[in-house]
Amino acid sequence: MMSKIVRTMASLLILFALIYGLYIIMHGHLTPGGGFQGGAVVASGVALLIVAFGSDNIHKSLKEHHLSILESSGALIFIGLAFGGLAIVFFYNFLVGSSIFGHIPPSGPNTGDIWTAGVIPFMNIAVGLKVLAGLSAILLVMALATTVMEVEE
Amino acid sequence: MRKIAIAVSLSIFIAFLIATAFLIHPFGYPPSEMDDYIIENTQSETGANNAVTAVVFDYRGFDTLGEATILFTAVTGVVMLFRAKKKREK
Amino acid sequence: MTQGTPFNVPFLAVAALIGIAFYIILSQRNLIKLVMGLSILASGVNLFLITLGYREGGVAPIYTHAPAGVMVLPVPQALTLTSIVIAVACLALMLSMVIHIYRHTGSTDSEKSRIMKG
């Protein structure tokens, strides 16, 4: 655990890291970004928390098997969406033209409409959940293991 | 002996790399039929403004599936390695 | 080579990165240095994919408020995106295995310990 200044600033900055990561995940089909990048941003916020508060304190509220469940559910949503288009072909974008995220943007440069791109926003959310949980679990487990080793020696 | 083998194999490999760097297409002018098709049709076919996301999740969804599998395997492996260690210590 | 940069300098940078990475992998014995070599190799592959898809004067292939001009190729960028995540996951797995080897044998030298001798 680090000093009080670091802990206060970390608990403030984690809000911005979370909101920025979720923004990148949600606007993945309009702006640069997507599930992978947004998940990595949120995982870096978790890394900030681990550095500031120490991995033991974080482990009290953030267990790695919960993160594992989150990651598996992200993978299942992703594969389920992929099977959803199986009537035409695997990974077919079956929501384009429907009422959910179904608008088709005008071709050429435009201002961006959030209700476009069919299954891509859902896949962004699923993959973002997966990457977020996966990288956070890796960071948490490795931080826990290395602190145990420091105590031993 | 080992150092000589390393030097010989490495110099052959680097010679191939540099020859490839000179023989490949000029930088900035790639061959691009498939990518031109994707840039032209990504808005009408997938509805996404971001062509990279459209490629990742729609045109090449299988790549992303395999990538998700690798990420899942790596996370499972890391968690399993450290969890087994922790139980034995108790 | 009448167009583009002279001597294909970005591809030479890729060749330098991959050559350095293979030199590290072949010559070093410390496992941490081997992992660093593999990480440099992944960076070289990412740089290769990005330079492969670059188009002279191109903008990012995103239509939201896009400036006028040709767009760079999207498929190599998507492959790079995949490659970065795979590199991070494999780096984590390799590092945790190195930590375990260090705890078991007491050293990260790949040839000193009896277990690691292939």
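Guide: In this predicted model, a helix is a DSSP run of H or I at least four residues long, and a strand is a run of E at least two long, both numbered from the N terminus.

Visitor: How many helices and strands does the secondary structure of chain C come to?
Guide: Read from the N terminus, the elements of chain C run α-α-α. The tally is therefore three helices and, by the strand criterion, a strand count of zero.

Visitor: What is the radius of gyration of chain C, and what does the globule rule give for 118 residues?
Guide: The C-alpha trace of chain C spans about 60 × 35 × 15 Å along its principal axes. Chain C is more spread out than a compact globule, because its radius of gyration is well over the value from the globule rule. The two figures are 19 Å for the chain and 13 Å for the rule.

Visitor: What percentage of the 118 residues of chain C count as buried?
Guide: A residue is called buried when its relative accessible area is under 20%. Chain C exposes about 6,100 Å², with carbon and sulfur atoms supplying 69% of that area. The buried part of its 118 residues is 41%.

Visitor: How far apart are the end C-alpha atoms of α3(C)?
Guide: The helix has 32 residues, and at 1.5 Å a residue it should span 46 Å. Just after α3(C), Gly106(C) takes a positive phi of about 80°. The distance between the end C-alpha atoms agrees with the expected span, at 46 Å.

Visitor: Is Ser96(C) buried or exposed?
Guide: Ser96(C) sits in helix α3 of chain C. Beyond residues up to four places away in sequence, Ser96(C) touches Met142(A) of chain A, and Val78(B), Leu81(B) and Phe82(B) of chain B. Its relative accessibility is 0%, so Ser96(C) counts as buried.

Visitor: What is the radius of gyration of chain B?
Guide: Chain B has four helices and zero strands, in the pattern α-α-α-α. For 90 residues the globule rule gives 12 Å, and the chain is well over that, so it is more spread out than a compact globule. Its C-alpha atoms fill a box of roughly 60 × 45 × 15 Å along the principal axes. The radius of gyration is 23 Å.

Visitor: How much of the accessible surface of chain B belongs to carbon and sulfur atoms?
Guide: Buried residues make up 46% of the 90 residues in chain B. The accessible surface of the chain comes to about 4,900 Å², and the share of carbon and sulfur atoms is 70%.

Visitor: Which residues touch the most other members of the largest nonpolar core?
Guide: This core has 31 residues. Elements giving two or more residues to it include α5 (120–152) of chain A, α4 (61–89) of chain B and α3 (74–105) of chain C. Its largest share, six residues, comes from α5(A). The residues asked for are Phe36(A), Phe78(A), Phe91(A), Met123(A) and Phe57(B).

Visitor: Which residues is Met123(A) in contact with, leaving aside neighbours within four places in sequence?
Guide: Met123(A) belongs to the largest nonpolar core. Apart from that core lies another, of 18 residues, among them Ala133(A), Ala137(A), Val75(B) and Ile99(C). The contacts of Met123(A) are Phe78(A), Leu81(A), Ala82(A), Phe91(A) and Phe57(B).

Visitor: With which residue does Glu71(A) form a salt bridge?
Guide: The closest N and O atoms of this pair are 3.2 Å apart. Glu71(A) lies in helix α4 of chain A and its partner in helix α5 of chain A, 59 residues along. Glu71(A) counts as buried at 1% relative accessibility, and the partner is buried at 2%. That partner is Lys130(A).

Visitor: Which residue forms a salt bridge with Asp36(B)?
Guide: Asp36(B) lies in helix α2 of chain B and its partner in the loop between α2 and α3 of chain C, so the pair joins two chains. Asp36(B) is partly exposed at 32%, whereas the partner is buried at 15%. The closest N and O atoms are 2.9 Å apart, and the partner is Arg55(C).

Visitor: How many salt bridges does a search of the whole structure find?
Guide: Besides the pairs already described, the side chains of Arg60(B) and Asp63(B) meet at 3.6 Å, N to O. Arg60(B) is partly exposed at 31%, and Asp63(B) is partly exposed at 32%. Over all chains, the number of salt bridges is three.

Technical notes. Residues are numbered from 1 along each chain as its sequence is written. Chains are lettered from A and ligands numbered from 1 in the order in which they are written. Side-chain values use heavy atoms; hydrogens and water are left out. The radius of gyration is taken over C-alpha atoms; the globule rule is 2.2 Å times the number of residues to the power 0.38. Buried means under 20% relative accessible area, exposed over 50%, partly exposed in between (1.4 Å probe, protein chains only). Accessible areas come from the Shrake-Rupley method with a 1.4 Å probe; for residues, only the protein chains shown count as cover. A nonpolar core is a set of buried Ala, Val, Leu, Ile, Met, Phe, Trp, Tyr and Cys residues joined through side-chain atoms within 4.5 Å. Contact means heavy atoms within 4.5 Å. The expected span of a helix is 1.5 Å times one less than its number of residues. A salt bridge is a side-chain nitrogen of Lys or Arg within 4 Å of a carboxyl oxygen of Asp or Glu.
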